[in-house]
Amino acid sequence: MTPTDKIWHNGRFIAWDEAKIHVLSHVISYGSSVFEGIRCYETKQGPAIFRLREHTRRLLDSAKIYRIPIDYSIDQLIDAQVELVRLNGLRSCYVRPIVLRGYGGVGVMPVNNPTEVFLACWEWGKYLGDEALSEGVDVCISSWNRIAPNTLPALAKSGANYMNSQLIRMEAHHNGYAEGIALDAEGRISEGSGENIFVVRDGRIHTPPLGSSVLPGITRDTVVTLAQELGLPMVEAVIPREMLYIADEVFFTGTAAEVTPVRSIDRIQVGSGRRGPITAKLQKAFFEIVEGIAPDKHGWLTPVPAAVAAK
């Protein structure tokens, strides 16, 4: 990670090295944080943040689920993120809003813990590697299930939930895979450690419903919309594990992963063993929008003043 000049904290811009919290902040002991991951792309029209409003809304939704009060409106946070990228002079970057419970009471009940809001950004490449978008990745079914209903809220993008994601990703890495796929509490397909999953069989695209302990991914929603516009049959339904082994194509979606094909699962080859035609169509449509090649008819891109973003 290459530090940038500024981070936004509770309404003001501070230096990167000044963005600190106390070791006894509530978040450190209890994982009481929610966050987002957002990409800013370099387009032909200048830097633009992809689906900023939807990401910021999900941040506020996550905080509401966890009863974390935030004193800033969605528009204030949107404006602050655009200004953050502008001040740091980045053409493309990853934006990370974080809302956490800070220093105060030390008990589980956060009675006297203030809410801290940080917005940061930095340059970041392809999450699963530069070749992953074309060649695909090798993944496994994790021995760790996704969080069960009424344990932790899967609809919230919280730091605590990602302890589960860390276990999934570390296990996969140590066993020689790029990523792990988690099953839900019923043994059906849920998602990757940080990605939603799509399965193609006989020309029809399947993706697990939110009830399968799935985070409502912004890129997931984007791909569903693009599939509909391309006339590709799409169904949201419970997916049994074994369907992955007989799929024609499988791909991940996420802010970090974007649209990444899966070439094998548990050492069983998926389709041709590389990116399939439906994945390729959706990938092409996705990147044409985020790179400003295709018209932004959905208003998904929030421009950053290009005259300042010159680094």
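1. Which residues does G292 touch, not counting residues up to four places away in sequence? In this predicted model, G292 touches T43 and Q45. The glycine is found in the loop between helix 7 and strand 17 (301–303). G292 is buried, its relative accessible area being 11%. A further link across the sequence concerns A48: G292 and A48 are 244 residues apart along the sequence, yet their C-alpha atoms are 8.7 Å apart in space.

2. A second loop residue for consideration is L215, found between strand 12 (204–207) and helix 6. L215 is buried, with a relative accessible area of 11%. Leaving aside residues up to four places away in sequence, L215 touches R58, A154, L155, A156, K157, Y162, E191, N196, L210 and R220. The C-alpha atoms of L215 and G194 are separated by 9.0 Å, and these two residues are 21 residues apart along the chain.

3. The packing of helix 2 (residues 52–65) against helix 3 (residues 74–88) merits a separate point. The two helices pack at an angle of about 125°, and their axes are 10 Å apart. Helix 2 and helix 3 are therefore oblique to each other, since an angle of this kind falls outside the ranges for roughly parallel, roughly antiparallel and roughly perpendicular. The crossing of helix 2 and helix 3 is right-handed. On the side of helix 2, the contact is made by L52, R53, T56, R57, L59 and L60; on the side of helix 3, by I74, D75, L77, I78, Q81 and V82. By class, this contact has seven nonpolar, two polar and three charged residues.

4. Turning to charged pairs, the structure holds 14 salt bridges. Side chains of opposite charge can pair when their charged atoms come close. One of the salt bridges joins the side chains of R51 and D221, at 2.9 Å from N to O. R51 lies in the loop between strand 5 (46–50) and helix 2, and D221 lies in helix 6 (residues 218–229), so the pair ties together parts that are 170 residues apart in sequence. R51 is buried, with a relative accessible area of 6%, whereas D221 counts as partly exposed at 37% relative accessibility. R51 and D221 also belong, with E54, to a network of salt bridges.

5. A salt bridge also forms between E135 and R274, whose closest N and O atoms are 3.1 Å apart. Because E135 lies in helix 4 (residues 132–135) and R274 in the loop between strand 16 (268–269) and helix 7 (277–290), the pair ties together parts that are 139 residues apart in sequence. E135 is partly exposed, with a relative accessible area of 29%. R274 likewise counts as partly exposed, at 39% relative accessibility.

6. How many residues apart are E288 and K284 within helix 7? E288 and K284 both lie in this helix, four residues apart, which is about one turn of the helix. The two residues form a salt bridge, the closest N and O atoms being 2.7 Å apart. E288 is partly exposed, with a relative accessible area of 24%, while K284 counts as exposed at 52% relative accessibility. K284 is placed in the exposed class because that class begins over 50%.

Notes:
Residues are numbered from 1 along each chain as its sequence is written. This is a predicted model: local features need pLDDT of at least 70, side-chain atom pairs count only at pLDDT 80 or more; totals for chains, interfaces and linings use all residues. Side-chain values use heavy atoms; hydrogens and water are left out. Axes are lines fitted to C-alpha atoms, for helices over the stretch in contact, and angles run from 0 to 180 degrees between N-to-C directions. Angles under 35 degrees count as roughly parallel, over 145 as roughly antiparallel, 65 to 115 as roughly perpendicular and the rest as oblique. A crossing is left-handed if the near helix is turned anticlockwise from the far one by less than a right angle, and right-handed if clockwise. Contact means heavy atoms within 4.5 Å. Ala, Val, Leu, Ile, Met, Phe, Trp, Tyr, Cys and Pro count as nonpolar, Asp, Glu, Lys and Arg as charged, and the others, Gly among them, as polar. A salt bridge is a side-chain nitrogen of Lys or Arg within 4 Å of a carboxyl oxygen of Asp or Glu. Buried means under 20% relative accessible area, exposed over 50%, partly exposed in between (1.4 Å probe, protein chains only).
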